Amino acid sequence: MEEYVHLIKLRHERGAGGSTVARNLLWDLRKFFRCVEITNLDKEETDETAEQIVELFAYGEEDPSKCLPVLALLDLECEEEIVNELKSDFEELFHGKGARTPACILLHCLSQQTTRSEERRVGKECRSRWS
């Protein structure tokens with residue numbers, strides 16, 4: 001089965017500018033993708049959100065094989081289950097429409113707080129790999 005939706009996770013330290021970089025990426029790629037930012041999503045809305053993204057995908061184009069893919073930025077803190085459900089809803093809607101693959105790329109921007117012990121552990125792993 002072809003995968004119509006790809007999920008990319010962009011992990012960054014809180015306050016390090018990860019969301020800004022992601023928005024700049026959307027701006028830079030706007031000629032090659034139909035770009036959208038999703039800032040609010042809950043479990044009951046994934047099917048509705050997926051339908052709106054599919055409408056954006058097909059907007060103004062009769063032939064699905066000529067549609068630009070959608071680059072959707074998920075800049076929100078939500079459970080991985082909700083993101084996977086959204087991806088699954090997309091797959092169902094795109095399946096059998098004759099769309100190119102990927103028809104949608106989900107860029108999930110995840111800010112995380114790193115503890116001092118994690119920083120030391122990662123630092124040790126990096127030093128041991130490059131030593």
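**Sheet and helices in the predicted model**

Val36 has Ala72 as its bridge partner in strand 3. That pair belongs to a run of five bridges that joins strand 2 and strand 3 (residues 70-74) in the parallel sense. Everything described here comes from a predicted model.

Stepping back, the sheet is an open one with four strands, paired in parallel and laid out in the order 1-4-3-2. Strand 1 and strand 2 (34-38) sit at the edges, each pairing on one side only. On average, and with direction ignored, neighbouring strands of this sheet are turned by 20° against each other.

Two of the helices can be placed against this sheet directly. Helix 1 (residues 18-28) lies across strand 1, strand 2, strand 3 and strand 4 (104-112), and runs at about 160° to strand 4. Helix 2 (residues 46-58) also packs on the sheet, where it touches strand 2, strand 3 and strand 4. The direction of helix 2 makes about 160° with that of strand 2.

Then there is helix 3 (residues 80-94). With 15 residues at 1.5 Å a residue, helix 3 should span 21 Å, and its end C-alpha atoms are indeed 21 Å apart. Its buried residues are Ile82, Val83, Leu86, Lys87, Asp89, Phe90, Glu91 and Phe94, so charged side chains turn up in that list along with the greasy ones. These buried residues pack against strand 1, strand 2, strand 3 and strand 4, and against helix 2 as well. After helix 3 comes Gly96, which has a positive phi near 80°.

How do helix 2 and helix 3 meet? Their axes are 9 Å apart and pack at an angle of about 45°, which makes helix 2 oblique to helix 3. The crossing of helix 2 past helix 3 is right-handed. On the helix 2 side, the residues involved are Thr46, Asp47, Thr49, Ala50, Glu51, Ile53, Val54 and Phe57. They meet Ile82, Glu85, Leu86, Asp89, Phe90, Leu93 and Phe94 of helix 3. Of these helix 3 residues, Ile82, Leu86, Asp89, Phe90 and Phe94 are among those that count as buried.

Back at the sheet, His12 is found in strand 1 (residues 5-13). His12 counts as buried because its relative accessibility is 12%, with the cut-off for buried set at under 20%. Leaving aside neighbours within four places in sequence, His12 is in contact with Gly18, Ser19, Cys109, Leu110, Ser111 and Gln112. Gly18 and Ser19 fall within helix 1 (residues 18-28), while Cys109, Leu110, Ser111 and Gln112 fall within strand 4 (104-112).

Key. Residues numbered from 1 in each chain as written. Predicted model: local features only at pLDDT ≥ 70, side-chain atom pairs only at ≥ 80, totals over all residues. Heavy atoms only, no water. Buried < 20%, exposed > 50% of the residue type's maximum accessible area, 1.4 Å probe, protein only. Contact = heavy atoms within 4.5 Å. Pairing = 2+ DSSP bridges. Axes fitted to C-alpha atoms, helices over the stretch in contact; angles between N-to-C directions. Expected span 1.5 Å × (residues − 1). Parallel < 35°, antiparallel > 145°, perpendicular 65-115°, else oblique. Left-handed = near helix turned anticlockwise from the far one by under 90°.
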